Amino acid sequence: KQEALERLGADAFVISKDADEMKAAMSTMDGIINTVSANIPMAPLLGLLKPNGKMIMVGLPEKSMEIPPFALVAMNKTLAGSCIGGMRDTQEMLDLAAKHDVTADIEVIGAEYVNTAMERLAKADVRYRFVIDIGNTLDKAAAASE
């Protein structure tokens, strides 16, 4: 919580497993980007949205989600999904992030580290994302073969 508020620039922080915090946050959010790939209850998250709020799913749970229709219809809320966009979408996102000084905490790895990274992901031992540096991996491989 402290890291989110002080270092990462969050305006607020809610622990979804804390019933009191969830209740206090009901109908306070314009939007939610849901990056969770686990199967979690959706109704409580939809309850956090203001009328006309939007939740965008980018995580991919293994099982189908249960979406209570009333949670969407009653307050005109939107649930949508988004995949990684093409070059234009990616550039637009990077430009917006640069304009608003939005950064990400990442751990850059080479392709040779992918299997270890997958093991670490399974143990939740990464903060917050791995980025595979393909360019330098290919450059190293090319230099080694010369």
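Here are a few notes on a sheet and a pocket in this predicted model.

1. First, some ground rules. Residues are numbered from 1 along each chain as its sequence is written, and side-chain values use heavy atoms, with hydrogens and water left out. As the model is predicted, local features need pLDDT of at least 70 and side-chain atom pairs count only at pLDDT 80 or more, while totals for chains, interfaces and linings use all residues.

2. Now the sheet. Three strands (DSSP runs of E, at least two residues, numbered from the N terminus) form an open sheet of 3 strands in the order β1-β2-β3, with parallel pairing; two strands pair if DSSP finds at least two bridges between them. β1 (29-34) and β3 (78-81) each have a single partner strand, so one side of each has no neighbour in the sheet.

3. A closer look at one pair: β2 (residues 49-57) and β3 run parallel and are joined by 4 bridges. Ile56 sits opposite Ala80 in β3.

4. On to the second largest pocket (on a 1 Å grid over the protein atoms alone, an open set of points where a 1.4 Å probe fits, with protein on both sides within 12 Å along at least five of seven lines; lining residues have an atom within 4 Å of a point). Its lining is made up of Ile109, Val114, Ala117, Met118, Leu121, Phe130, Val131 and Ile132. Two or more of these come from each of α6 (114-122), a helix (H or I, at least four residues), and β5 (129-132). α6 gives the most, with 4 residues.
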